[in-house]
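Subject: Structure handover

Dear colleague,

I am passing on a structure that I would like you to look through. Please open it first, and then read the notes that follow.

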Amino acid sequence: MERMIVYDLQCGSGHRFEGWFASAEDFGVQCERSLLECPSCGTKDVVRVPSAARLNMGAMMPAAATNAPAAQAEVAEGRDPLAIAQILYARMVDALLAKSEDVGKDFAEEARRIHNEEAPRRAIRGQASDEEHEELVEEGIPVMRLPIPPEGHWN
C-alpha cells in the first residue's frame, strides 16, 4: 500500500480542510502549479496550517493489532486510494464512537474537570464553540477537532 501524508490546509477565506499527498514534494508541486482548491469556496489561495495534536485515549494497542498488515492488505486490494481512505476513516470513527463518552455541549466543562482530576479520566467527545476550543488549547488541555457526522448520518 502506498503511504500518504495528510496536511491541514486553509484557504484565504478561513475554510479549513485536509489534503492528502504522496509526499511533501507532491504538496509543493501542487501549490506551485495552483492545483489546490478549497472545497468550500473554490479559491486557489490555499496554505498549509499547523495540524491538531494527535489523539491519545490512554489505551494500549490491542493484541489483534499484530495482524494489522494482513488487515490493511485486505482493505487495499483492488481499491483506489480514496476508497481506502474512506474505509479507514470509517473504521477510525467507529472506534472513536465506541470508545468515548458523548458529553454533548458540556464538552469544555467536562474536559476541564478531567484535566483538573475532578472527574474520572476517560475519552470524551462532544461539541465546543470556537472560543471554548481556543480556551482549552490555551489552558494546555489536549483536545482535537474531528469531523464526525451527526448521529443517524453515519454508515
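Is Arg122 buried, partly exposed or exposed, and what is its relative accessible area? Arg122 is partly exposed, with a relative accessible area of 27%, and that value, like the others in this email, was computed from a predicted model.

Arg122 is a useful place to begin with the salt bridges, of which the structure holds 8. As general background, side chains of opposite charge can pair when their charged atoms come close. Arg122 forms a salt bridge with Glu101, and the closest N and O atoms of this pair are 2.6 Å apart. Because Glu101 lies in strand β4 while Arg122 lies in the loop between α4 (107-115) and β5 (124-126), the pair ties together parts that are 21 residues apart in sequence. Glu101 is partly exposed, with a relative accessible area of 36%. The two residues also belong to a network of salt bridges, in which Glu101, Glu110, Arg113 and Arg122 are linked.

Another salt bridge joins Glu139 and Arg112, with the closest N and O atoms 2.9 Å apart. Here Glu139 lies in the segment after α5 (130-138) and Arg112 lies in helix α4, so this pair ties together parts that are 27 residues apart in sequence. Glu139 is partly exposed at a relative accessible area of 42%, and Arg112 also counts as partly exposed, at 23% relative accessibility.

The side chains of Lys44 and Glu37 meet in a salt bridge as well, with a distance of 3.4 Å from N to O. Lys44 counts as partly exposed at 46% relative accessibility, and Glu37 counts as partly exposed at 44%.

The last residue I would point out is Ser100, which is found in the loop between α3 (81-98) and β4 (101-104). Ser100 has a relative accessible area of 15%, and because buried means under 20%, Ser100 is described as buried. A polar atom of the Ser100 side chain lies 2.5 Å from the backbone oxygen of Leu96. If residues up to four places away in sequence are not counted, Ser100 touches Ala123, Ile124 and Arg125.

When you go through the model yourself, you could start from the pair formed by Glu101 and Arg122, and then turn to Ser100 and the residues it touches, among them Ile124.

With best wishes

Notes. Residues are numbered from 1 along each chain as its sequence is written. This is a predicted model: local features need pLDDT of at least 70, side-chain atom pairs count only at pLDDT 80 or more; totals for chains, interfaces and linings use all residues. Side-chain values use heavy atoms; hydrogens and water are left out. Helices (H or I, at least four residues) and strands (E, at least two) are DSSP runs, numbered from the N terminus. Buried means under 20% relative accessible area, exposed over 50%, partly exposed in between (1.4 Å probe, protein chains only). A polar contact is a pair of N or O atoms within 3.5 Å; within protein, one must be able to donate a hydrogen and the other to accept it, and residues adjacent in sequence count only if both atoms are side-chain atoms. Contact means heavy atoms within 4.5 Å. A salt bridge is a side-chain nitrogen of Lys or Arg within 4 Å of a carboxyl oxygen of Asp or Glu.
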